[in-house]
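Hi everyone, thanks for coming. Let me walk you through a structure that may be new to you.

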Amino acid sequence: MPSQSKTPCFFLGANAPKGYYSKFDQLFNYDPEGKCFLIKGGPGTGKSTLMKKAAAVLKEKGREPELIYCTADTDSLDAVITPDGSFVILDATLPHAVEPKYPGAYETTVSLCDCWDETVLKENSERIMELFNRNREAHERARRYIAAAANLFDEAARLSLDTVSQEKVARTALRVCARELKKRRGRQGTEKIRFLSGVTDKGIFMFGETAEALCDKIYVVEDDCGAASRIFMSTVRRAALDFGFDIITCRCSIFPTEKIEHVFIPELRLGFMTSNKRHPVTAPPYRVIHSKRFVDEKKLAKHKIRIRFTLRAATELLNEAVRCMKEAKAVHDELESLYIPAVDFSLVEKKLERILSEIE
């Protein structure tokens, strides 16, 4: 994976308990003056390489793009987008398949399927079909382990919530917001949804340097159980939007519809992040807020052993999900090895030239 340094990197999909959860719809602003390229093709046909080259050209033009990576292969790009959303290029194949809404007027579909020799693929058709099926099965196993882990993490959060002063958490969050944010009258903020971490073939992977690319000041909430941090981040999110700031909300990949882990306010170069043993925050914090300060120790003593056991069991289930993701990645690598000899990459380069000319 390239150095993130000044480049914000995220996931836009998550291997979640109920299946693959996609927020790729967040990429499209449907501006008639914008450019959106939907790349279609099989494994090993050059989709990610094409996007990396497009990203490099955007950087040369001074338009630092946001990079969206693949949870199934953290070295592979799924999308590239400029900060204003005026240029988008993405892998529009499964599991985040996208079809054009305004074909030709807004989206341009670039198919790499006419860059391969089907006779070569037909020779290996039986093996290719077997590998696609094995890849899907490995992902399904991973999601079942993630679902089981989610139930246990939810139980730990429920037990912890019983010991937490919710009012105290909310008051602390509002006090920080009052200090850091100045209300803009007559303006409601906008929100982008992203994932900063996910269950991947490389473990619980987190784009740690993205926070440093976006922020000069970071408040870190240390919370292993996720009860206090969930209240804190939800309060910060609501306050930032009501105060008129545009934010990036990073949800938890295990609870993608209900739990917020991080909130970034790029305009202020300000961030609020959750740190725990599964994905510790590595960026230097401006201030660390320990969840223990909101906890009733007497109540916690009743649940401590059960919480510790539940978190340990949930973490083991996630480790098993990671092993399944590694298996899926190995199968995908074999699929690529069968597709690559069938692809005429000179034709892929010609399609790239067309996209780069649009950047120009």
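**Strand 10 and its neighbours**

Let's start with strand 10 (residues 197-200): Ser197 and Val199 point one way, Gly198 and Thr200 point the other way, and all are buried. Buried here means under 20% relative accessible area, with exposed over 50% and partly exposed in between, using a 1.4 Å probe and protein chains only.

A quick word on the source: this is a predicted model, where local features need pLDDT of at least 70 and side-chain atom pairs count only at pLDDT 80 or more, while totals for chains, interfaces and linings use all residues. Residues are numbered from 1 along each chain as its sequence is written, and side-chain values use heavy atoms, leaving out hydrogens and water.

Strands (E, at least two residues) and helices (H or I, at least four) are DSSP runs numbered from the N terminus. Two strands pair if DSSP finds at least two bridges between them.

So which strand pairs with strand 10? Strand 11 (residues 203-206) does, in the antiparallel sense over 4 bridges. Val199 stands opposite Ile204 in strand 11, and the two strands form a hairpin with 2 residues between them.

Now to the open sheet: 6 strands in the order 1-5-6-7-4-8, with mixed pairing. Strand 1 (9-11) and strand 8 (107-111) each have a single partner strand, so one side of each is left without a neighbour in the sheet.

Within that sheet, strand 4 (residues 35-40) and strand 7 (residues 87-91) run parallel, joined by 5 bridges. There, Ile39 of strand 4 stands opposite Asp91 in strand 7. Thanks for listening!
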